[in-house]
Amino acid sequence: MHLSPDAYPANLLPPPVVIDSMNPAKSHAVPVLLALLFLVFAMETEVHASGTRPAGTDVHTRPGGTNAPLPKEELQSRASVNGFLRDAETGETLLGANILLEDTGRGSTTNHSGYYVINNIPAGAYTLRFTYLGYDDKRVDIVLNEGDNLRLDAELNPAGFTMDELVITSKRELEERQNIGSASVSTELIKSVPSVLQADVFRAVQLLPGVKAASDFSSGLYIRGGGPDQTLILLDRTTVYNPSHFFGFFSTFNPDAIKDVQLYKGAYPAAYGGRLGSVLDVYNKDGNRNRTAGTLSLGMLSSRAMIEGPYPGGSYMLAVRRSTLEPLLAALRGTVDNVPDAFYFYDINARVNYDRWENNRLSIAAYTGTDDVRFPFGDDSQFNLFYGNRTLSIDWTHLLSRRTFTNVTLTGSEYFNDPVFEFGGTEFERRNRIYDLSLKADIEWLPSQNYELLAGFWGGRKIFRLEDYFDGGQTMSEEIVSDYAATYVQNIWRPGNRWKINAGLRLNYYANGDYLRLDPRFSVDYRLTESTRLQAAAGRFHQFLTLLTNEAISAFDIWLFTDEGVPPAYGDQFVLGVKNTSVPGYNFEFELYYRTMRDLFEFDPFLGDAAGLAYPDLFRFGEGYAAGFEAFLEKTRGRLYGFIGYTWGLTRRKFDGFNENRFYPPKYDRIHDVNLVANYRLSRRWTVSGVFNYATGQAFTKPLGRTEMVTNPFDGSAIDVITVGRVNASRLPAYHRLDIGFTRKSTFFRLTDAEWQFQIINLYSRRNVWFYIYDFDENPVKREQVRMLPIIPAVSYTVTF
Amino acid sequence: MKPALRTPHLFVMAIMAAIMLAGCDLYGQDDYAEQYVVESYLVAQRPMPKIRLSTTAPFNETYQFEERAVTGAEVFVYRYDENGIRDRVYEYAGHASGIYRPLHPDSDELVLPRFTYRLDISFPNQNDHRITAETSVPDTFSVREVIRDETFYQSPEQLEFRITRNRTNNRQNYFIYATESLDPLEENLTPFWRDAADDDIEELVRIRTTIVNEENFDLNPDGTLTLRMPWIGIAFYGKNIISTFSLDDNSYDFFRSQPVQTGGGPGTLSPGEIQNIIYNIDGAIGIFGSMSVLDIEVNVLRPPFP
């Protein structure tokens, strides 16, 4: 298991780490130079015309005359080396891996396409060292002449199992993963930590400091005081609007299909935008380039199958997951009341990769997922939930030159949600659709070792539809079609061996309402000592949509967009951080954050019927802020490894006309939150894992007084009235829970590898309180607890071939 | 090496200090404070209503209106015509504990549509406390055409009427429907309500909907509205009186915000978050609202096939 804070913006090329200052930056230009983008294109065209050629280099050989003549400006910058880094067994590109030119302090890390570049290397003989978490190191001797531009693709072998050491050999790689506000979650962590019913990406992310869960039943991400709508969720660079299954119990991302998960908790760089808070960037696997392989996993709630392999020209991956509850429901139907008539969910991830060209790679990725529940309750009433997502992305990666990496993606995303309720012959139906078509283009340019420029464009069209039907007739029809565009430029500058400055600008345009917004972003990283880094970041962020959500169940989630009279929300973020790696095998991180949220727009909770209302009248407007700090201590070596994360956080909101216009905490606000994740390798076959979480009880509103209205002229029924003081000023009992899991590696009839997982969720069956309800039939009113999960055992079996 | 070791220690100390500081929650829970409660509904073309005056009770204590009733208040209701001119003053007296009625002969007077009524309550022994509220009574409306007043339960051909459209404050109308069964026998219960009834059918004799906006119904070229009665509003087969209430702003605010306290409404508040109701009363909570109403008798037949 590893969980390492990560570094660089997705799809952008991480910068080389500069230890010496032999080669001072030639381009200490003022950041934010949009014009440079065009200059890059112009210049790279010239480079190609002058005959730079890619050189296919076997990494096991010592490259010799593989270098072509270079134009004058590249000669001046001496030699460089670049290429892709892959897993030797599967051919998957390795993201965020470290490449070090030994004894020079020069190095780089791979970007989200697995590509690296080290520039401005003086002529000479070197050893290039490739390292990546969980893989054996690799060293390659190279000789570089002045002006050489060496293409060096490499492959790493997965590390063999070691009892005493979980391999993190590269401090540099670790440091790259410790950039401010970011974290990386390994698929190994996702699969190994105990989780309810099945492994889940979001449940693993919720273990990180700064990330909270609304309840045991919700996989929604509440990051640094923001709600789920404030996190941009991308799958293969495509926006996913409601990534949940099973009423929100777990996310739609199939852990078998996932290659990389990057989380930017705050103050994220200019390459991203559109959300006030954070970004979760998920990449699916390319598919095994060397052999056909797969996994088959049987679980209590659902089962999964994944197959991947090569084909002439590239690789493919297909992962399918489907609920397997139907036989159980069929058996219960007829003997137990309130069993759903239908209940299933599925998701399919597919990816085809074509990479036979040396400087081009094309991939097509698709996702579809659906939940369908038909549930009768009582006589003559039922509800039907039907929702899901579909995404498609076509991604073209192109090396304009050794120093310039481009990526163009065409994305399409559809979200649909059609809940239907029927009571006594009267039907309520809602149809919500989002179609999001976009084109993204990014370019990464590294003119020198000390400076790099990232720039890009993201534009498209969003179509939003919301229709309500009551008793067969349409009562509301809202359609918003809006073009949007964003362009950014990001400059990474290293004015010495201690400083790294990342400055960027993002310009957002949203056609409906004609909103043009500018987001400046800035971060600075200062190396105080060899093992200690001080960091600071700040930025402005805009959000053009909001989520109408019920925290209890995400199946009704509806997205609403800005429009005339509904301006985008915006906020500022400020983050300070310290990262320390002075003790071998341990990483320590500390971050302090403060953020504002202004022009928040949320669906008015007092709006029972929206028919006929003007669009701005659907909302309440307000503001908020959040502050806190996070401490994270990770142990990465030995038979016992894991981490402990602590968060002290505070978040507040206020809305006109609510809570006497005072700030108040949302329910998910938790002051203290501690997560302890520990793994212990008992033997070569057995591993035990444990997760313990303690958190301050969530906020709730304590009823202070009551009265009763009994003379209404409609039906004369008693109407109970609760009077409250400060909203959400009380706290539920503290939350704590311990989950444990055992993993046993075995074989499937000696044919292939297999794995048993035995897990117990909530080991001591702590019945944490979710919320209170009040029984007004009793006098005085009786308060009752609605509790969260009891103890739940789970078992799964996975075969890998 | 020393600086590297020293730095974490400093930060651990900083963290501890911050935790200690963080222990003080500045947003503490406040205490119960007693409030006056007003309840009164003015219905156009019906007699001036009574006014109930009481106080709230602590939430964890037993609630009985009689124990919370407020007596000895001076209660007046002022009437203003459409031009804003005060033309009438109603003096109320507490005929029963906490229940105030207009003094005779004013009690026989009807509430006038389109007029504004202002409530003014003061307390002789509490000079500085005053309760005031104001409501403008919605205009009346009428049936222009009975399209269907008898039909089979859950037939596609619903109970349907064409009504005139009143305008209230230049906004759409907000309706609440109430149904009163004239034949409330247990065997007449419709399936949905039979399941919901438990053992007590008394509470189903009169039932009501939540707020339904006017835009849910068809607006005809002649300016009338076609109302179709949703089947969920029928609890008993047989004869029923359907009352359509057109709400003033106070009633609209009260009846759209009150259900949210117990989980109703659009359900966007987190479970456990409770907001105060929108009252539109100064110096008290409760409702001083008005409405106009239209009653129509219908006959709901049992479906020919079960």
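In this predicted model, A:Asn98 stands opposite A:Thr109, a residue of strand 4 of chain A. That strand runs antiparallel to strand 3 (residues 98–101) of chain A, and 4 bridges join the two.

Strands 3 and 4 belong to an open sheet of 4 strands in chain A, ordered 4-3-6-7 with antiparallel pairing. Strand 4 (106–109) and strand 7 (138–144) are the edge strands, each pairing on one side only. On average, neighbouring strands of this sheet are turned by 20° against each other, direction ignored.

Chain A as a whole contains 6 helices and 49 strands. Of its 801 residues, 53% are buried. Among the contacts in chain A with a separation of 6 or more, 67% are between residues 24 or more positions apart.

In chain B, strand 11 (residues 160–163) has two faces: B:Phe161 and B:Ile163 lie on the covered one, B:Glu160 and B:Arg162 on the uncovered one. Side chains of a regular strand alternate between the two faces of the sheet. Strand 11 of chain B is joined to strand 9 (residues 143–148) and to strand 16 (residues 225–228). B:Phe161 is the bridge partner of B:Val146, and B:Leu227 in strand 16 is the bridge partner of B:Phe161.

The strand pairs described above are listed here.

| Strand pair | Bridges | Direction |
|---|---|---|
| Strand 3 and strand 4, chain A | 4 bridges | antiparallel |
| Strand 9 and strand 11, chain B | 4 bridges | antiparallel |
| Strand 11 and strand 16, chain B | 4 bridges | antiparallel |

Methods: Residues are numbered from 1 along each chain as its sequence is written. Chains are lettered from A and ligands numbered from 1 in the order in which they are written. This is a predicted model: local features need pLDDT of at least 70, side-chain atom pairs count only at pLDDT 80 or more; totals for chains, interfaces and linings use all residues. A residue is buried if 20 or more other C-beta atoms lie within 10 Å of its own, exposed if 12 or fewer, and partly exposed in between; C-beta atoms are placed from the backbone. Two strands pair if DSSP finds at least two bridges between them. Two residues are in contact if their C-beta atoms, placed from the backbone, lie within 7 Å. Axes are lines fitted to C-alpha atoms, for helices over the stretch in contact, and angles run from 0 to 180 degrees between N-to-C directions.
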